[in-house]
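Trainee: Could you walk me through one part of this model up close, surface first and then what sits underneath? I'd like the cut-offs along the way.

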Amino acid sequence: INAEYMGFEVHAEGCAMVLKRCEIVAHEQTCPFQWVVCGLVDDQTDEKCETLCRRNELAEHQRQCEFRLEACSNMGCDDQASVRSMDIHRDVCLLGMVRCENPGCAEYALRKTMTSHQALCPFRVVVCMFNKYGCQEKGTVAAMEGHLQTALNTHMLLLATALEHHAERSSADRYISCPKKKVQMLHQQLPQTGKKASHRCGLGPFLETEDLAQR
């Protein structure tokens with residue numbers, strides 16, 4: 001009571017400092033017994049540790065806090081991440097070793113070079129080189145080599161059919177490239193009512209001339 005009357009205050013909760021009231025706020029900024037928030041931030045999630053501890057216990061807490069930074073264990077990686085989110089970093093770390101995802105392949109490579117490996121991996125799945133001609137087969141590179149040997153006759157038939165269709169289209173394109181032959185084709189395809197319409201459009205005399213020439 002006398003201390004309060006004289007303008008002094010005893011700081012509570014473990015601190016033995018006796019201070020003037022006007023000094024309390026400044027003292028609490030450094031008081032080892034003041035309750036403070038840990039405040040370490042997880043840079044992967046932007047979450048913050050909200051644990052309360054006394055200032056004189058803060059350093060010990062932060063040495064064990066799951067929000068503390070830790071260096072990536074992958075050789076050559078200088079990145080750091082909080083302990084609680086290190087797995088998130090390792091899942092994307094370009095210097096981490098990963099296994100090829102192609103079934104049957106047991107190769108491991110750095111994540112940053114895995115794309116190059118998979119482009120040449122003998123276990124990658126590919127489509128048959130005759131796919132554009134109609135072959136629907138697909139499989140690993142090794143399996144496709146065997147398929148090309150066993151399906152030779154089928155592939156030759158597909159290729160021959162494709163060449164035949166191409167020749168037919170080329171012949172038709174050459175035929176209809178002549179304006180007169182285009183009219184002849186239309187004339188042959190039109191029913192009688194279509195021919196009457198052709199006369200109304202001014203093509204009648206030309207069609208009749210063509211008919212006489214053909215006869």
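Mentor: Sure, starting with patches: they're built from residues with over 30% relative accessible area and no salt bridge, joining like charges within 9 Å and nonpolar side chains (Val, Leu, Ile, Met, Phe, Trp, Tyr) within 5 Å. A salt bridge here is a Lys or Arg side-chain nitrogen within 4 Å of an Asp or Glu carboxyl oxygen. This is a predicted model, where local features need pLDDT of at least 70 and side-chain atom pairs 80 or more, while totals for chains, interfaces and linings use all residues. Numbering runs from 1 along each chain, and side-chain values use heavy atoms, without hydrogens or water.

Trp35, Val37 and Leu52 make up a nonpolar surface patch, together offering about 290 Å² of accessible area (Shrake-Rupley, 1.4 Å probe, only the protein chains shown counting as cover for residues). Leu52 sits in strand 4, residues 52–54 (strands are DSSP E runs of at least two residues, numbered from the N terminus). At 55% relative accessible area, Leu52 counts as exposed (over 50%; buried is under 20%, partly exposed in between, with a 1.4 Å probe and protein chains only).

Now Val36: beyond four places in sequence, its contacts (heavy atoms within 4.5 Å) are Thr51, Leu52, Cys53, Arg54, Arg55 and Leu58. Val36 also belongs to the largest nonpolar core, seven residues with Cys38, Cys49, Cys53, Leu58, Cys65 and Phe67. Such a core is a set of buried Ala, Val, Leu, Ile, Met, Phe, Trp, Tyr and Cys residues joined through side-chain atoms within 4.5 Å.

Technical notes: Helices (H or I, at least four residues) and strands (E, at least two) are DSSP runs, numbered from the N terminus.
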